[in-house]
Amino acid sequence: MQRAVSVVARLGFRLQAFPPALCRPLSCAQEVLRRTPLYDFHLAHGGKMVAFAGWSLPVQYRDSHTDSHLHTRQHCSLFDVSHMLQTKILGSDRVKLMESLVVGDIAELGPNQDNVRELQNQGRDVGLEVLDNALLALQGPTAAQVLQAGVADDLRKLPFMTSAVMEVFGVSGCRVTRCGYTGEDGVEISVPVAGAVHLATALLKNPEVKLAGLAARDSLRLEAGLCLYGNDIDEHTTPVEGSLSWTLGKRRRAAMDFPGAKVIVPQLKGKVQRRRVGLMCEGAPMRAHSPILNMEGTKIGTVTSGCPSPSLKKNVAMGYVPCEYSRPGTMLLVEVRRKQQMAVVSKMPFVPTNYYTLK
């Protein structure tokens, strides 16, 4: 098996765009949107298409958002995530490139374009190849059982964040990675465009599998405490502030050779002003940009993501508060629709994760 090439996913910085709340229904007056290889497949299966970060993608299908969410938690769902960029980093200096971009220890894995060009100008051996593949995510507790019927490889030997190239339901050249963004066991399958519809159709023949869209994807990742880039983290957020210190490689902490090390290393020692926290409340759901206040009514932070949790039947959110308010159990106020309501700082994930690891 090979450690997953999707390094950015492993480090907690998935290439996401915007939450379903920012999606727009399609109209003929809007700009031309990019389509994934499964666009016609989505329409044929009742997909409700919306504009999402320049793409036309299904926000949901015939099932309700809640039903789709719960089906993923109890069985498994198929998501089209082909809008996410897939690349290969090539050359003997590929590790140097990746370590110039992220804080993790890329060298221990084994094996944006401007950075590639910069290293090439320095005489470094590095190249970037963009893959023209579709990307399907099969997520849920029965995902491996469903996929095993269509592959010769033993998926019990493919733990979380490892990958292998294999034939999947007759489609050769697929890379199967044990990962995902729902908190459940599952895989992401990079599949040649010509075989994408065939593979999706084959997976849907199993009654365990249903199609799911952007709405369920967003609520599932929020229950799992996973960040949405552009909302919960961005280029101004450090791993310590974002409660992502686990992404910092031990070797790189010692060497202080990663981007932002002079700011981040002191934060590891306790000198951080704000932290990302989970929040739970009853009443109206918390949404992005809702003000967070202390019990005296002073604004201390902002909600970055929020929604009703279909699994918990409560409202969950995440946001940033000063460090002294970040302890689980701390009572705060959140302003929703100009009304203040009680919220409590809660541990994340809100729903336990079920990643598959070898034991």
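Which residue stands opposite Val316 in S17? In this predicted model, that place goes to Met280. The pair makes a handy way into the strands around S17.

Strand S17 covers residues 314–322, and 8 of its 9 residues are buried, so the rest of the structure largely encloses it. Two strands pair with S17, and each deserves a look. With strand S14 (residues 274–281), the pairing is antiparallel and runs over 8 bridges. With strand S16 (residues 299–309), it is again antiparallel, this time over 7 bridges. Here Ser305 has Met318 in S17 as its bridge partner. S16 and S17 also make up a hairpin, with 4 residues between the two strands. One residue in that turn, Lys313, has a positive phi of about 60 degrees. As a bit of background, side chains in a regular strand take turns between one face of the sheet and the other.

Now for the nonpolar cores. The largest of them has 29 residues, and Leu138, Leu147 and Val191 have the most contacts inside it. Plenty of elements chip in with two or more residues: the strands are S6 (76–80), S9 (133–139), S10 (162–168), S11 (171–177), S12 (186–192) and S13 (209–211), while the helices are H6 (143–148) and H7 (196–204). H7 gives the largest share, with 4 residues. What does Leu147 touch, leaving aside residues up to four places away in sequence? Its contacts are Leu138, Leu155, Val168, Phe169, Val176, Val187, Ile189 and Leu203. Apart from this core lies another one, made of 14 residues, including Cys281, Met286, Ile300 and Leu332.

Strand S12 comes up again for another reason: Glu188 is located in it. UniProt lists Glu188 under "binding site", in an unreviewed entry. Is Glu188 buried or exposed? Its relative accessibility is 6%, and because buried means under 20%, Glu188 counts as buried.

Helix H3 (residues 65–74) rounds off the picture. Its buried residues are Ser68, His69, His71, Thr72 and Arg73. And what do the buried residues of H3 pack against? They sit against S6, S9 and S13, along with helix H8 (214–223). S6, S9 and S13 are also among the strands that give two or more residues to the 29-residue core.

Conventions. Residues numbered from 1 in each chain as written. Predicted model: local features only at pLDDT ≥ 70, side-chain atom pairs only at ≥ 80, totals over all residues. Heavy atoms only, no water. Core = buried A, V, L, I, M, F, W, Y, C linked by side-chain atoms within 4.5 Å. Buried < 20%, exposed > 50% of the residue type's maximum accessible area, 1.4 Å probe, protein only. Contact = heavy atoms within 4.5 Å. UniProt positions renumbered as here; feature names shortened; annotations may be inferred. Pairing = 2+ DSSP bridges.
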